[in-house]
Amino acid sequence: MQIRKKHLLGLGGLALVTAAFAYAITIPAEDTGATSVSGQVKISVNVYGEDPEVRITSIKDGEVTLDSNINIGVIYAVADQLDYQLCKNYGTADQYCASLGEYATYIPTTSPESGERAFTFDLDSDPKLGFGDYVLRVVNHSGSGTVEDTVSFKYVPIKITTVGEAENGDPIVEVEYSSKLSSFEIQAYDDQGYLLFDNPLSYEATGCKENVCTQRITLPFASYGATTGEYTVAVTGKDSSGAAIKSQKASTKVDYKAPDAPEVPKTGGLLGNLNISRADYLITGLIVFGLATIFAVRALKKRGGKR
């Protein structure tokens, strides 16, 4: 076999190996977000006891909700009658209990009865309700005795949670709020109570889905010269007139570590700011390799022609 043919075969084999490698690394691994299509169905079966009971299933004790439409669901056993009571500021001088209408009392057609029951109630349906602290109480009357379940929860216009930090250490918070708000303000306090921002940071209400809105915000601690320490970040919701929602603020704690050196612009390298995917790099590499192969073949042909 001539030397030129050996060179051509070698280059061809190398090209095949390179192409196979490039294709192989673009195939995702088996566990990268694959969705099971096994067709399995999850079946939930409730087994009711022989003794009277009632349990509120739709609201957890201590829960905080932003949506005025709450689902009131219960599981009950051996019930002759169920009574529902929903009160704001329960146990105080300002206590006010909602009128639940047809849902206030449930009497089974055949008693005693065991089963599930659920309905939706709007906490804004009565001007005396709205934002505040609530207690939901459900009583199961069975024979001559009763059993009950009670949960407390809050209906608020806004919540704030610390979710992480940026590369420079600036805290990242997530603000969730009712679609009834038009805007909100954020202020941070150090452990001595001193304000961090000259003026509260103001944000318009966006990112709404149905009755609840969400925004993720990076707070400019470094830009305001914040020192290392614990901070309280407070958020206040505002209505369409710009007035703060009375006595309904939310806050979260932030452990902040100041940067060791002043921030400098991130200039990066030649390709650092280019939006180039891995596939683009692979394709470009194959093109360069193909061109190099063509030049090599032409060079071999010229050398062979001179012999």
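Two exercises with worked solutions follow on a predicted protein model.

Residues are numbered from 1 along each chain as its sequence is written. In this predicted model, local features need pLDDT of at least 70 and side-chain atom pairs count only at pLDDT 80 or more, while totals for chains, interfaces and linings use all residues, and side-chain values use heavy atoms, without hydrogens and water.

**Exercise 1.** Determine which residues touch the most other members of the largest nonpolar core, and which elements contribute to this core.

*Solution.* Step 1: a nonpolar core is a set of buried Ala, Val, Leu, Ile, Met, Phe, Trp, Tyr and Cys residues joined through side-chain atoms within 4.5 Å, where buried denotes under 20% relative accessible area with a 1.4 Å probe, protein chains only. Step 2: the largest core has 26 residues, and V175, F184, I186, L219 and F221 touch the most other members. Step 3: two or more residues each come from β10 (158-165), β11 (171-178), β12 (183-189), β13 (201-204), β15 (212-218), β16 (229-238) and β17 (244-256); strands are DSSP runs (E, at least two residues), numbered from the N terminus. Step 4: a second, separate core of 23 residues includes Y84, L129, V138 and V151.

**Exercise 2.** Establish the strand order of the open four-stranded sheet and identify its edge strands.

*Solution.* Step 1: two strands pair if DSSP finds at least two bridges between them. Step 2: the order is β10-β11-β15-β14, with antiparallel pairing. Step 3: β10 and β14 (208-209) each pair on one side only, and are thus the edge strands. Step 4: β10 and β11 are joined by seven bridges, and T161 lies opposite E174 in β11.

Key:
Buried < 20%, exposed > 50% of the residue type's maximum accessible area, 1.4 Å probe, protein only.
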